[in-house]
Amino acid sequence: MQREAEAEAVATEAASSGRRRGGPQQGSAAAFRASVEERLRALEREMAEVKSRVNGLIFLIAGTVATASGAVTWMAAALKSAGTALLVYSVGATVYRVKRLNGVWGSPAAWSHSLASVSGLACNQYFDFDIAVAGSQSSGVAGLWTVIYGDGYSQALDTWSPLMELTLASAGSSVQFRAPSLAVMGRYRLFFVEKYTGSQAYTRAYWTHLAPGQTFVSNTWREPVVMDIEGDFGLAAAAGSGWGWLSTPSGVWRASLSAPVLELGEDVLEAYVETRPQEGRLRVVLRNDDGRYNDLSGGAYAAIRRGSQVDFSPGYVTASGPVASPGARYWIEGWDYVNDRGRALFVLHGSDGWALLENWRARRQFTWGAGESTVYALLRFVLGCAGLGFDALSASDTVTSLSPAFTIQPAESGKGAVGRLLAMVPDVLLVSGEYGYLVNPTATQATDYEYGVEHAILKGRYGCRPTSFNRVQVFGEGLMVEDFDWTGVGDIYDRLHQAHDRNLTSTAAAQDRADALLRHQEMQAADDEVLVPVNCGQELYDVVEVTDPRAGLSAARRRVLAMSFRYVRNRPSPAYEMRLRLGAV
Amino acid sequence: MNLRQGILKSFDAGSYTATVQVAGSLAVWLAGVPVNRGIPQTEMVAGRRCALVFFDDANPGDAVLVAVYT
């Protein structure tokens with residue numbers, strides 16, 4: 001079990017008393033800010049080269065880098081190595097860059113983009129020079145964008161990438177964004193200010209991070225999270241020596257970048273896992289006979305918090321000792337203290353990444369025009385908003401070619417949006433840990449495992465069910481196509497399903513949709529259930545072969561559509577078993 | 001099919017489409033929403049409340065502004 005470290009205050013100014021904790025006392029925040037602003041004004045026209053000494057601990061003003069054409073409003077710099085650095089600054093609405101190579105500063109040059117105003121800059125070197133820009137477009141749309149000044153990794157050397165939208169606000173919405181700050185704290189984290197000048201105005205800090213496994217160029221950020229910090233200039237972020245740092249004029253905070261880990265394996269009395277196509281839940285019963293879990297406020301057990309991660313790794317005792325699978329990951333939803341006829345128990349409840357998707361609600365309207373983004377890219381975006389990474393184990397052609405007009409309505413859940421996207425394609429989504437993996441469940445998928453020969457089947461039920469529908473009509477923009485399961489029609493007459501999608505502007509695209517709908521139904525044609533000893537590597541949507549002579553099955557191919565895991569010890573009937581629900585391949 | 005409430009932000013009489021702040025979206029508005037041609041353009045006044053029907057909740061182009069009211 002682990003969770004990200006909490007931020008701890010290194011020095012903060014108490015709002016009411018003006019006194020600082022954990023550091024030397026200073027004047028009021030306003031006075032401090034005024035002195036900084038006065039100093040900045042003095043430097044506006046002459047940007048000075050900054051050289052570091054003594055491992056960067058002492059900085060000296062040493063020389064002129066460039067003379068700006070006007071007042072410099074925002075600036076940010078990033079240091080690479082061996083004297084390479086990049087300074088970006090804005091004069092009016094134009095961003096300039098000046099690069100230092102081999103210890104020598106080059107000439108400043110304007111970027112290749114155009115904004116109507118700039119209200120903040122941040123820069124960090126991490127393979128490329130990664131930059132965040134706040135401002136507004138000529139249309140009045142306010143935004144926060146990321147952009148890369150290439151260092152030869154994701155972007156060609158000394159070229160600008162396109163501006164990539166991180167968040168937007170419509171012209172006239174009274175919302176604007178300011179003062180971004182960027183640092184790699186385990187993964188990229190970005191802090192900025194959202195300012196609303198309408199009724200109940202606010203100026204609040206927000207933070208976000210790149211989704212797991214995503215690079216800066218993917219621009220896949222978690223939905224920004226509000227922070228309990230106000231002010232026009234937000235937070236300055238930095239990372240180093242295993243700590244992430246945040247500072248404002250009146251406070252400094254740090255958080256360890258290594259998460260505390262609590263091993264619970266020895267205390268587990270019972271464990272139950274339910275895994276379904278769009279849901280995964282964990283329930284773990286722990287011994288609490290000595291009251292060890294009664295106080296979670298400190299010590300090692302402080303890691304048990306709502307939102308902490310639980311890595312559940314079942315395994316076996318083998319000839320070479322205990323071995324465990326990497327297992328699945330859940331996030332703690334809550335817990336119970338139980339008095340069961342004198343037995344003291346502590347029960348943890350967790351849910352998987354689907355719950356993260358369910359609990360992400362759109363803060364605003366998200367809209368993509370037709371042709372703007374593929375279903376694949378839209379899925380990556382939505383999962384990223386919930387803090388989940390995204391990749392494909394296999395993918396249909398449709399998911400990477402269909403680019404529908406799409407919107408996510410305000411307050412709609414990520415799970416709902418993902419469901420609507422998956423309904424457009426034959427692919428399914430496998431959530432494992434903090435990633436969502438696309439799987440195209442084709443009928444020709446290779447067999448992953450066998451049950452009934454070396455891996456015993458304790459119980460089995462093998463059913464045949466009719467599908468919900470065996471005839472599909474898809475209505476697109478001025479067209480209609482049909483698809484049939486003729487065997488099903490012959491058996492039980494036709495059962496019709498209609499789909500309407502004006503995004504479908506060709507018969508080929510509509511036919512793909514019809515095929516996908518029937519494909520999903522085909523997998524429901526079998527309804528089997530087997531009880532087996534635990535297979536630690538079993539995953540949803542795997543194809544398995546089932547051999548059970550009592551039901552006349554020999555290497556019958558099935559697809560795992562759901563599974564449950566049960567572990568019980570210290571009971572009259574101990575158990576270590578899995579129940580698999582199997583459908584047709 | 002879903003019915004949603006909004007606030008009219010602007011109206012294009014040429015294309016008979018509107019830009020609408022769908023309820024719940026503080027910062028971002030939905031542009032290009034087709035408008036019921038039975039509504040006189042003189043009634044399409046920015047700031048008025050409106051009702052939107054989404055035939056496909058996922059497709060912003062498959063919607064219509066059916067009513068505007070104060």
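Me: Which residue is the bridge partner of A:Phe129 in strand 12 of chain A?
Reply: The bridge partner of A:Phe129 there is A:Tyr149. This is a predicted model, in which local features need pLDDT of at least 70 and side-chain atom pairs count only at pLDDT 80 or more, while totals for chains, interfaces and linings use all residues. Residues are numbered from 1 along each chain as its sequence is written, chains are lettered from A and ligands numbered from 1 in the order in which they are written, and side-chain values use heavy atoms, with hydrogens and water left out.

Me: What makes strand 11 and strand 12 of chain A count as paired?
Reply: Two strands pair if DSSP finds at least two bridges between them; strands themselves are DSSP runs of E with at least two residues, numbered from the N terminus. Strand 11 (residues 128-136) of chain A and strand 12 of chain A have eight bridges, in the antiparallel sense. They form a hairpin with five residues between them, and A:Gly140 in the turn has a positive phi of about 95°. Strand 12 of chain A also pairs with strand 13 (residues 164-169) of chain A, in the antiparallel sense over five bridges.

Me: Why is strand 12 (residues 142-149) of chain A called mostly covered?
Reply: Eight of its eight residues are buried, a word that means under 20% relative accessible area (exposed is over 50%, partly exposed in between, with a 1.4 Å probe and protein chains only). A:Ala142, A:Leu144, A:Thr146 and A:Ile148 point one way, and A:Gly143, A:Trp145, A:Val147 and A:Tyr149 the other way.

Me: How do you know that A:Arg471 and A:Glu482 form a salt bridge?
Reply: The term requires a side-chain nitrogen of Lys or Arg within 4 Å of a carboxyl oxygen of Asp or Glu. For A:Arg471 and A:Glu482, the closest N and O atoms are 2.6 Å apart. A:Arg471 lies in strand 35 (residues 471-476) of chain A and A:Glu482 in strand 36 (residues 479-484) of chain A, so the pair ties together parts that are eleven residues apart in sequence.

Me: Is A:Glu482 buried, partly exposed or exposed?
Reply: With a relative accessible area of 27%, A:Glu482 is partly exposed.

Me: Why does A:Glu412 count as buried?
Reply: Its relative accessibility is 13%, so A:Glu412 counts as buried. The side chain of A:Glu412 meets that of A:Arg420 in a salt bridge (2.5 Å, N to O).

Me: Why is helix 3 (residues 375-385) of chain A described as largely enclosed by the rest of the structure?
Reply: Nine of its eleven residues are buried, so the description applies.

Technical notes: Helix = DSSP H or I, 4+ residues; strand = E, 2+ residues; numbered from the N terminus.
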